[in-house]
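Me: I want the terms used for this fold justified. Set each value against its cut-off, please.

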Amino acid sequence: MKEEIIIAGFGGQGVLSMGKILAYAGLMDNLEVTWMPSYGPEQRGGTANVTVIISDKPISSPVLNRYDTAVILNQQSLDKFESKVKTGGTLIYDPYSIHHAPTRTDINVLPVNAMEATFELSSAKSYNMVLLGALLKVKPLVSVDAVMRGLKKTLPERHHHMLPVNKDAIMRGMELVK
């Protein structure tokens, strides 16, 4: 098993954190992982993306130009990365910030109303976890338990009280995928 993933959006949406948590979860499940962030000088508001590879075999290079899965959080990222999803791959996106929906018919396109879910959960900071839950429903690469252990490792201890909210967001994201 090897999954090559791009997560892309604006800085401040939790793109890099989502990738880091996914990578840590892979480590917790004893998988091989790479995590390669990319962002402009404006961390908040500028574009950001992260490439994560999860594999049960050694990974030869973290550099990719085609992806098995894309998780897209804004129009600019959709415009840039839709064409880079491999034929038969998966594109997950939140329609809330997308003005022109994906048009490809040779990939699995899944809209996930993550922003609406964060309103329901009353937790805007769990936006990325809703999308991570949707990703894990479609591609069960790591266990939710491993994600929670990875989240605990990446969050400063002063924020550990948010772990249950984040788990609820992950579970809600899984429910959103039909």
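Reply: Axes are lines fitted to C-alpha atoms, for helices over the stretch in contact, and angles run from 0 to 180 degrees between N-to-C directions. Helices (H or I, at least four residues) and strands (E, at least two) are DSSP runs, numbered from the N terminus. The model is predicted: local features need pLDDT of at least 70, side-chain atom pairs need 80 or more, and totals for chains, interfaces and linings use all residues. Numbering starts from 1 along each chain as its sequence is written, and side-chain values use heavy atoms, without hydrogens and water.

Me: What makes α4 oblique to α6?
Reply: Helix α6 covers residues 163–176, and α4 packs on α6 at about 50°, axes 6 Å apart. Under 35 degrees counts as roughly parallel, over 145 as roughly antiparallel, 65 to 115 as roughly perpendicular, and the rest as oblique. About 50° falls in the rest, so α4 is oblique to α6.

Me: How is α4 in contact with α6, and through which residues?
Reply: Contact means heavy atoms within 4.5 Å. On α4 the contact uses M129, V130, G133, A134, L136 and K137. On α6 it uses N166, A169, I170, G173, M174 and L176. These residues divide into eight nonpolar, three polar and one charged. Ala, Val, Leu, Ile, Met, Phe, Trp, Tyr, Cys and Pro count as nonpolar, Asp, Glu, Lys and Arg as charged, and the others, Gly among them, as polar. K137 is therefore the charged residue.

Me: Left-handed or right-handed: which is the crossing of α4 and α6?
Reply: Right-handed. That term means the near helix is turned clockwise from the far one by less than a right angle; anticlockwise would be left-handed.

Me: Why are α3 and α4 called oblique?
Reply: Helix α3 (residues 114–121) packs on α4 at about 120°, with axes 9 Å apart. That angle is outside the three named ranges, and the pair is therefore oblique. The crossing is right-handed. A114, M115, A117, T118 and L121 of α3 meet Y127, V130 and L131 of α4. Seven are nonpolar, one is polar and none is charged.

Me: What makes α1 and α4 oblique?
Reply: Helix α1 (residues 15–28) and α4 (residues 127–138) cross at roughly 45°, their axes coming within 10 Å. This angle, too, belongs to the rest, so the two are oblique. The contact joins S17, M18, I21 and L22 of α1 to N128, M129, L131, L132, L135 and L136 of α4. Eight of these residues are nonpolar, two polar and none charged.

Me: How do you know that β5 and β6 pair?
Reply: Strands pair if DSSP finds at least two bridges between them. Strand β5 (residues 85–93) and β6 have four, in the parallel sense, so they pass. One bridge joins T90 to N108 of β6.

Me: Why are β2 and β6 called edge strands?
Reply: The six-stranded open sheet runs β2-β3-β1-β4-β5-β6, with mixed pairing. β2 (32–39) and β6 (108–111) each pair on one side only. Over the sheet, α4 lies across β4 (67–72), β5 and β6, at about 145° to β5.

Me: What makes Y67 and F81 an edge-to-face pair?
Reply: Rings of Phe, Tyr and Trp (its six-membered ring) pair with centres within 6.5 Å; planes under 30 degrees apart are stacked, over 60 edge-to-face, the rest tilted. Y67 and F81 give 6.2 Å and 80°, so both tests are met. Y67 sits in strand β4 and F81 in helix α2 (residues 75–81), 14 residues apart.
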